[in-house]
Amino acid sequence: MNVYLDNNATTIVDPQVFAEMEPYFVQKYGNPNSLHAFASDTHPGLKTAMEKIYAGIHAPKEDSVVITSCATESNNWVLKSIYFQYILTGKKNHIIVSEVEHPSVIATAKFIESMGCKVTYLPINSEGIVEAQTVREHITDKTALVSVMWANNETGAIFPVEEIGEICAEHNVLFHTDAVQAIGKTPVDVQSFNVDYLTFSAHKFHGPKGVGALYIKKGKELMPLLHGGSQMGGYRSGTLNVAGIVGMGKAMEAAIDALDFEMTDVREMRDDFEDELLKIEDTFVVTPREKRTPNTILISFRGIEGESMLWDLNRAGIGASTGSACASEDLEANSVMEAIGAAEDLAHTAIRFSLSRYTTQEELDYTLKVVKTAVVRLRGISSSYAYAPEGHESGLDAHH
């Protein structure tokens, strides 16, 4: 059996999405910025797709949703634009991010830090969550931007973005949230929260790869990312990826339609699967499940390196992860496990299982059997597990 449980990295394209995109490759292929009939053929599909995208995040018409290639591009755009508009000009000198942001935020923060910007990397608590009060404690009158993700890609932890947004508004500080892991898993409404910038990628909610977006609140405009033509209102020049935009619009619509299913049926499957995994001795899950997106489990098996477990899973046809796919080649300790203060023997043992609305109970039953077999095999050859003294502390507090 082949089982895909790495949906926080990317997702299968919904067949409905693919069907909607297909005509825009070989039938309606005109450049929408041209003036002939081939171009005008693409306009209705683009308009409908953008309406679906706006509706999916409850963005009002006066605000902007700018199409990009992915959330990595959008995240870079926000932080670098803030640097040019506020830091370089001397208006402000400080930004705040969490220490467990996606690499596209962390790496960009480190880049602008090297250019003279002061950056605060907020710690997470023992549950893997940035507390709103921590944000309040670090904001100064020189803070230009707070960037804290809506939901964590590794643990699924949902951060208190509503409270953080309120704190930013109180201090007249811009607020950006990376909502890549939130769309289709938890309600996202930019009008109910004080969000100035919000990023997402279609491939995280059963859309195509290579297309994402940045939401920009009216009055909080950024400098153009790419200069050239007048596409996207001059924000991002370049010929539009019509098929990708159409696909993202349909994927957004389908994700919102399936949100209740995700929050009930998928959550129930995840919880049952997690219960069975936790019956295995010396296993630990980060973040209480009621504070997580409904599809995600980050679990550690003491005495077993994450990469070793992935090897056994992969041989059995199961796709899982040790964390963020954008950092998986580094083979370093899991950043969240390190951030919560897990001992080194646990920081390398985390495995992420992330379900989707296409995951079946049969697949999870098969995965559970493979995991149990792998645990026996790998602990049997693990010197750190075999020789751990009785009463050995796991490296995590008891409530994990």
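Select threonine 177 first: across from this residue, in strand E7, stands leucine 198. The model on display is a predicted one. Now widen the selection to residues 174-178, which form strand E6, and residues 197-201, which form strand E7. These two strands pair in the parallel sense, and three bridges join them. In general, the strands of a sheet pair through backbone hydrogen bonds, in either a parallel or an antiparallel manner.

**The seven-stranded sheet**

Next, display the sheet to which these strands belong. Seven strands make up this open sheet, and their order is E2-E8-E7-E6-E5-E3-E4. The pairing within the sheet is mixed. Which strands stand at the edges? Select residues 64-68 for strand E2 and residues 118-122 for strand E4: each has a single partner strand, so one side of each is left without a neighbour in the sheet. If the view is turned to look along the sheet, a twist may be followed from strand to strand; on average, neighbouring strands are turned by 20° against each other, direction ignored.

Add residues 161-170 to the view. They form helix H8, which lies across strand E5 (143-147) and strand E6. The direction of H8 makes an angle of about 160° with that of E6.

**Helices H5 and H6**

Move on to helix H5, residues 71-87, and helix H6, residues 103-114. Their axes are 9 Å apart, and the two helices pack at an angle of about 25°. Angles under 35 degrees count as roughly parallel, and H5 and H6 are therefore roughly parallel to each other. Their crossing is right-handed. To see the contact, show the side chains of Thr72, Asn75, Asn76, Leu79, Lys80 and Tyr83 in H5, together with Ser104, Val105, Thr108, Ala109, Phe111 and Ile112 in H6. Of these contact residues, six are nonpolar, five are polar and one is charged.

**Helices H4 and H9**

Select residues 43-56 for helix H4 and residues 242-257 for helix H9. The two axes come within 8 Å of each other and cross at roughly 40°. H4 and H9 are therefore oblique to each other. The crossing in which H4 passes H9 is left-handed. On the H4 side, the contact residues include Gly45, Leu46, Ala49 and Lys52; on the H9 side, they include Val242, Ile245, Met248 and Glu253. The contact as a whole comprises 10 nonpolar, three polar and three charged residues.

**A salt bridge from H4**

Keep lysine 52 selected and add glutamate 20. What joins their side chains? They meet in a salt bridge, with a distance of 3.5 Å from N to O. Lysine 52 belongs to helix H4 and glutamate 20 to helix H1 (residues 15-21), so the salt bridge ties together parts that are 32 residues apart in sequence. More generally, side chains of opposite charge can pair when their charged atoms come close. The count of salt bridges in the model comes to 18.

**The three-stranded sheet**

Now go to phenylalanine 284, whose bridge partner in strand E10 is serine 300. Strand E10 covers residues 296-301, and its pairing with strand E9 is antiparallel, over three bridges. Both strands belong to an open sheet of three strands in the order E9-E10-E12, with antiparallel pairing. Strand E9 (283-285) and strand E12 (350-354) stand at the edges with a single partner strand each, so one side of each has no neighbour in the sheet. From one strand to the next, the twist averages 30°. Add residues 259-278 to see helix H10, which packs on this sheet and touches E9, E10 and E12. The direction of H10 makes about 5° with that of E10.

**Helices H11 and H14**

For the last stop, select helix H11 (residues 306-315) and helix H14 (residues 361-380). Their axes come within 10 Å and cross at roughly 130°, which makes H11 oblique to H14. This crossing is right-handed. Show Ser308, Met309, Trp311, Asp312 and Leu313 of H11, which meet Val370, Val371, Ala374, Val375, Arg377 and Leu378 of H14. The residues of this contact divide into eight nonpolar, one polar and two charged.

Definitions and conventions
Residues are numbered from 1 along each chain as its sequence is written. This is a predicted model: local features need pLDDT of at least 70, side-chain atom pairs count only at pLDDT 80 or more; totals for chains, interfaces and linings use all residues. Side-chain values use heavy atoms; hydrogens and water are left out. Axes are lines fitted to C-alpha atoms, for helices over the stretch in contact, and angles run from 0 to 180 degrees between N-to-C directions. Helices (H or I, at least four residues) and strands (E, at least two) are DSSP runs, numbered from the N terminus. Angles under 35 degrees count as roughly parallel, over 145 as roughly antiparallel, 65 to 115 as roughly perpendicular and the rest as oblique. A crossing is left-handed if the near helix is turned anticlockwise from the far one by less than a right angle, and right-handed if clockwise. Contact means heavy atoms within 4.5 Å. Ala, Val, Leu, Ile, Met, Phe, Trp, Tyr, Cys and Pro count as nonpolar, Asp, Glu, Lys and Arg as charged, and the others, Gly among them, as polar. Two strands pair if DSSP finds at least two bridges between them. A salt bridge is a side-chain nitrogen of Lys or Arg within 4 Å of a carboxyl oxygen of Asp or Glu.
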